[in-house]
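Colleague: I have a model open and would like to learn how to read it feature by feature. Could you walk me through it?

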Amino acid sequence: MKAIDAANFFIDLAKSGSDEDDGISNMKLNKLLFFAQAISLQRYGRPLFDDPIEAWTHGPVVPSVYHTFKSNGRNGIPHTYGKVNRESMSAYELAVLVDTYQEYGRDYTAGYLRNLTHQPGTPWSQTKAGETISVNLIDEWAKVAKPSQRTQRHIPRTFINRRRNDHGVPVVDDE
């Protein structure tokens, strides 16, 4: 999966509910990508995407995603960059994305997520400005910080149903 695919999923998910009718901001989107990467490493021991995450002033940023949506400034991103193809996403990818949005996307602002990534001991705080945050550093932090606690909140059924397989991974709706 590419980071832009995960970003498009988050934008589409945010627009599908009433929580963020104005769209999700670029800052919040990039923080969600960071947490999705951490959750993937924590749970499955592998990165969700290969795009680099860099330490910028306002926290972790995937440069390719930031530049794709930077014309929106601080405003909400009104639409995805290309079509969201959930059918091509694996159950593992969907589980990480949905759970990341449940944990961090629905109730927290971009500023709050920024502050979370700026805490002492986070990968961002251990990386020089402008440099790539290593996957190993995110992995080590995720093992200790446990960014996913599997909260249960409502996600539209068009994205994923409530059934999980024997490994706890959500089963994709065929509808």
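Modeller: Let's start with confidence, since this is a predicted model. Over residues 167-175 the pLDDT stays under 50, and the model has 24 contacts there beyond four places in sequence.

Colleague: How should I read a stretch like that?

Modeller: Where pLDDT is low, the predicted coordinates should not be read in detail. For the protein chain, the mean pLDDT is 83, with 81% of the residues reaching 70 or more. Residues 150-164 also have a pLDDT below 50, and that stretch has 44 contacts in the model beyond near neighbours in sequence.

Colleague: Thanks, I'll treat those contacts with care. What pattern does the protein chain follow along the sequence?

Modeller: The pattern is α-β-α-β-β-α-β-α-α-β-α, which comprises six helices and five strands. The chain has 175 residues, and 48% of them count as buried. Among contacts with a separation of 6 or more, 72% are between residues 24 or more positions apart.

Colleague: Now a single helix. How does the span of α2 agree with its 19 residues?

Modeller: The idea is to use 1.5 Å a residue, so α2 should span 27 Å, and its end C-alpha atoms lie 26 Å apart, which agrees. As for its surroundings, α2 is mostly covered, with 15 of its 19 residues buried.

Colleague: And what follows α2?

Modeller: Gly45 does, and its phi is positive, near 70 degrees. Gly45 sits in the loop between α2 (26-44) and β2 (53-56).

Colleague: Is Gly45 buried or exposed?

Modeller: Exposed means over 50% relative accessible area. Gly45 has 56%, so Gly45 is exposed. The C-alpha atoms of Gly45 and Lys143 are separated by 9.6 Å, although these residues are 98 residues apart along the chain.

Colleague: Lys143 takes me to α6. Which residues of that helix are buried?

Modeller: An α-helix has 3.6 residues a turn, so residues three or four places apart point the same way. In α6 (residues 135-145), the buried residues are Ile138, Asp139, Trp141 and Ala142. Their cover includes α2, β2 and β5 (132-133). After α6 comes Lys146, again with a positive phi, near 50 degrees.

Colleague: Let's turn to pockets. How do I read empty space in a model?

Modeller: Rolling a probe the size of a water molecule over the atoms shows where empty space is left. Here the largest pocket holds about 350 Å³ of space. Its lining has 15 residues, and those nearest the centre are Asn26, Met27, His58, Tyr66 and Arg74. Two elements, α2 and α5 (110-117), give two or more residues to that lining.

Colleague: Which element gives the largest share, and how is the lining made up by class?

Modeller: The largest share comes from α2, with four residues. By class, the lining of the largest pocket has five nonpolar, seven polar and three charged residues.

Colleague: Can we look at α5 through one residue? What does Arg114 touch?

Modeller: Contacts beyond the near neighbours in sequence are a good place to look. Arg114, in helix α5, touches Met27, Lys31, Thr57 and His58 once residues up to four places away are set aside. Of these, Met27 and His58 are among the residues nearest the centre of the largest pocket. Arg114 has a relative accessible area of 23%, so Arg114 is partly exposed. The C-alpha atoms of Arg114 and Gly59 are 5.8 Å apart, with their positions 55 residues apart along the chain.

Colleague: And on strand β2, what about Trp56?

Modeller: Trp56 belongs to strand β2 and, at 24% relative accessibility, counts as partly exposed. Leaving out residues up to four places away, Trp56 touches Val61, Pro63, Tyr66, His67 and Trp124. Trp56 and Glu131 are 75 residues apart in sequence, with 8.1 Å from C-alpha to C-alpha.

Colleague: Pro63 is in that list. Is Pro63 buried or exposed?

Modeller: Buried means under 20% relative accessible area. Pro63 counts as buried because its relative accessibility is 14%. Pro63 lies in helix α3 (residues 63-69), and its contacts beyond four places in sequence are Pro52, Glu54 and Trp56. From Pro63 to Asn30 the C-alpha distance is 8.9 Å, and the two are 33 residues apart in sequence.

Note on methods:
Residues numbered from 1 in each chain as written. Predicted model: local features only at pLDDT ≥ 70, side-chain atom pairs only at ≥ 80, totals over all residues. Heavy atoms only, no water. Buried < 20%, exposed > 50% of the residue type's maximum accessible area, 1.4 Å probe, protein only. 1 Å grid on protein atoms, 1.4 Å probe; cavity = no way out; pocket = protein on both sides within 12 Å on 5 of 7 lines; lining within 4 Å. Points joined across faces, edges and corners; volume = space filled by probe spheres on them. Nonpolar A, V, L, I, M, F, W, Y, C, P; charged D, E, K, R; others polar. Expected span 1.5 Å × (residues − 1). pLDDT = per-residue confidence, 0-100. Contact = heavy atoms within 4.5 Å.
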